[in-house]
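Me: Please take a close look at a single helix of this protein, and then at the charged pairs elsewhere in the chain. A connected account would serve me best.

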Amino acid sequence: MIAGRLPVSTPSGPAPGPELEIVHLLRATTVELGLHSGRFAQRNGMHPTDVRALIALMDARRAGEEMSAGRLGGVLGLNSAGTTALVDRLEGAGLVRRVRGERDRRRVVIEVEDRAVELGQDFFGPLIERSVELLRGYDDHQLAAIRGFLTGVREAAAGGR
């Protein structure tokens with residue numbers, strides 16, 4: 001080791017430092033967000049996978065993309081039977097609907113109902129607003145760094161799929 005430099009790693013993992021502190025903070029944030037999502041699921045009589053499905057459907061809606069059941073199952077890591085049960089459950093709760101695709105009328109796509117969006121906004125709205133408020137305290141360069149870091153971590157985590 002060169003004098004004055006910390007080792008890159010130790011026998012138990014990466015060397016302590018600000019990078020590792022941020023990684024641990026991200027992990028703690030992920031846990032808290034999971035618990036928050038779990039409270040939403042419990043409050044609304046849902047399974048955590050139901051919440052992840054609604055998020056995927058809302059993301060697709062926001063991006064102007066259609067989501068077939070097969071694509072939804074792929075995003076969630078579910079087999080065909082599990083996806084059918086999930087969509088049936090969400091449709092029975094009035095949170096999604098099956099409709100014909102706009103681009104290909106032969107395809108059936110899953111759309112999120114406005115009721116689900118309203119439930120999500122009521123519960124997650126304050127957290128989203130607080131997050132946006134925090135981000136407004138950063139300049140464009142800092143926002144680009146945050147975006148780059150989170151995108152990289154997301155891609156690294158998704159690499160296992």
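Reply: On the other side of helix 4 from its buried residues, Ala81 and Gly92 are exposed. Here exposed stands for a relative accessible area over 50%, buried for under 20%, and partly exposed for values in between, computed with a 1.4 Å probe on protein chains only. Helices (H or I, at least four residues) and strands (E, at least two) are DSSP runs, numbered from the N terminus.

The model is predicted, so local features need pLDDT of at least 70 and side-chain atom pairs count only at pLDDT 80 or more, while totals for chains, interfaces and linings use all residues. Residues are numbered from 1 along each chain as its sequence is written, and side-chain values use heavy atoms, with hydrogens and water left out.

Helix 4 covers residues 80-92, 13 residues in total, and reaches 18 Å from its first C-alpha to its last, close to the 18 Å expected at 1.5 Å a residue. That expected span is 1.5 Å times one less than the number of residues. Thr83, Leu86, Val87 and Leu90 are the buried residues of helix 4. Seen down the helix axis, they fall within an arc of 95°, so they line one face of helix 4; the arc is taken from the directions from the axis to the C-beta atoms. These buried residues pack against helix 2 (48-63), helix 3 (69-76), strand 3 and strand 4, where contact means heavy atoms within 4.5 Å.

At the N-terminal end of helix 4, Asn79 acts as a cap, with a side-chain oxygen 3.2 Å from the backbone nitrogen of Ala81. After helix 4 comes Gly94, whose phi is positive, near 75°.

The charged pairs follow. A salt bridge is a side-chain nitrogen of Lys or Arg within 4 Å of a carboxyl oxygen of Asp or Glu, and by this rule the count comes to ten. Arg98 forms one with Glu91, the closest N and O atoms being 2.4 Å apart. Arg98 is partly exposed at 32% relative accessible area, and Glu91 is partly exposed at 31%.

Glu111 forms a salt bridge with Arg97, with 2.9 Å between the closest N and O atoms. This pair links distant parts of the chain, Glu111 in strand 4 (residues 108-112) and Arg97 in strand 3 (residues 96-100), 14 residues apart.

Asp104 and Arg106 also meet through their side chains in a salt bridge, at 3.0 Å from N to O. Salt bridges that share partners join Asp88, Glu91 and Arg98 into one network.

Note on methods:
Polar contact = N/O pair within 3.5 Å; in protein donor to acceptor, adjacent residues only side chain to side chain.
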